Amino acid sequence: MIKPPLTLYLAAPRGFCAGVDRAIKIVEMALEKWGAPVFVRHEIVHNKYVVDDLKDKGAVFVEELDECPTDRPVIFSAHGVPKSVPAAAQAREMIYVDATCPLVSKVHIEAQRHADNGLQMIMIGHAGHPETVGTMGQLPAGEVLLVETVDDVAAVQVRDPAKLAFVTQTTLSVDDTADIVAALQARFPAIVGPHKEDICYATTNRQEAVKTMAPKCDAMLVVGAPNSSNSKRLVEVGARAGCNYAQLVQRATDIDWRALDGITSMGITAGASAPEVLINEVINAFRDRFDVTIEQVVTAEENVEFKVPRVLREPA
């Protein structure tokens, strides 16, 4: 059978970021050091394949600390946790390891610094997302006000318009966030922003690669989980950048081949918590059906690496 030709554009960078890589290593090193089971509060990263792999190695995933026994180590996910969580672990005399991404920790430190200077915080983020919950939980209730959209900015009620600062979730759409920041600055001219943008390098780089790739593609797939904020943003960015069909898939089995009938060019990228093995699985599924020519779309080089906590580098 003659396969139809397909140019497959592969975004670079794509897939794992340094924070995700570090978080997974932390769970693996904890299992090596303390043996199974090791408990993890919330999915360590938002990817079912990764979570299932760690479960097979002896990790037990729970939603709340009170589901963990006190005699086993617990790890906090890459998304960060409210201050009350490590405080509760200490009160129960538990061994705990914080796998919060250092770029999320930077936002936590910023929020605390602004609060210490007497500023009320506004956070740009998604309600209920664990990173948002963790960042808002760095300060007492009412000290961090959440806005998700430009419309929210018009409605937000602040204590003192002259004493405000803002932080953002690290995995947002760069363009959408710029619009919300502009609205905040228009309504509250004295508002203080971060020294360096809170949206992380990996989110920004992956969105830039998609913007470059999307206009060349008949269709685009983002490999990632439905609860992954940065993966969902890549779909939105692709559609906005001119790709008529942009979809999120967890695995190759999720691909809707009928929707791709007649395409000659395809873009593939992956969210920051999707492993390369799943990207290769999707590429191979296309090779089974098309005569594939791969073209890399490289917009940035990444060489960021974060150290794991000292407790895991010391002998047991």
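A salt bridge, as I will use the term, is a side-chain nitrogen of Lys or Arg within 4 Å of a carboxyl oxygen of Asp or Glu. With that in hand, let me take you through this structure, which is a predicted model, and in which 15 such salt bridges are found.

One of them joins E143 and R159, whose side chains come to 2.9 Å, nitrogen to oxygen. The two residues belong to distant parts of the chain, since E143 is in the loop between α5 and β7 while R159 is in the loop between α6 and β8, and 16 residues separate them. R159 counts as exposed, because its relative accessibility is 52%.

A second pair is K106 and D198, with 3.3 Å between the closest N and O atoms. Here too distant parts of the chain are linked, for K106 sits in helix α4, residues 102-116, and D198 in the loop between α7 and α8, 92 residues apart. The partners come out as follows: K106 is partly exposed, because its relative accessibility is 26%, whereas D198, at 2%, is buried.

Please keep K106 in mind as we turn to E131, which is placed in helix α5, residues 130-136. What is the nearest side chain of opposite charge to E131? It is K106, but at 9.7 Å, and E131, although buried, has no salt bridge. If we set aside the neighbours within four places in sequence, the contacts of E131 are H79, V104, M123, T168, Q169, T170 and T171.

The next salt bridge lies within one helix: E236 and R233 are both in α9, residues 229-240, three residues apart, or about one turn of the helix. Their closest N and O atoms are 2.9 Å apart. E236 counts as partly exposed, because its relative accessibility is 32%, while R233, at 8%, counts as buried. Elsewhere, E28, D53 and K57 are joined into one network by salt bridges that share partners.

Two of those names, E28 and K57, return in the last part, which concerns helix α1, residues 18-34, and helix α2, residues 48-57. How do the axes of α1 and α2 cross? They come within 11 Å of one another and cross at roughly 5 degrees, and α1 is therefore roughly parallel to α2. On the α1 side the contact is made by I24, V27, E28 and L31, and on the α2 side by V50, L54 and K57. Sorted by class, this contact has five nonpolar residues, two charged ones and no polar ones.

Methods. Residues are numbered from 1 along each chain as its sequence is written. This is a predicted model: local features need pLDDT of at least 70, side-chain atom pairs count only at pLDDT 80 or more; totals for chains, interfaces and linings use all residues. Side-chain values use heavy atoms; hydrogens and water are left out. Helices (H or I, at least four residues) and strands (E, at least two) are DSSP runs, numbered from the N terminus. Buried means under 20% relative accessible area, exposed over 50%, partly exposed in between (1.4 Å probe, protein chains only). Lys and Arg count as positive and Asp and Glu as negative; His and the chain ends are not counted. Contact means heavy atoms within 4.5 Å. Axes are lines fitted to C-alpha atoms, for helices over the stretch in contact, and angles run from 0 to 180 degrees between N-to-C directions. Angles under 35 degrees count as roughly parallel, over 145 as roughly antiparallel, 65 to 115 as roughly perpendicular and the rest as oblique. Ala, Val, Leu, Ile, Met, Phe, Trp, Tyr, Cys and Pro count as nonpolar, Asp, Glu, Lys and Arg as charged, and the others, Gly among them, as polar.
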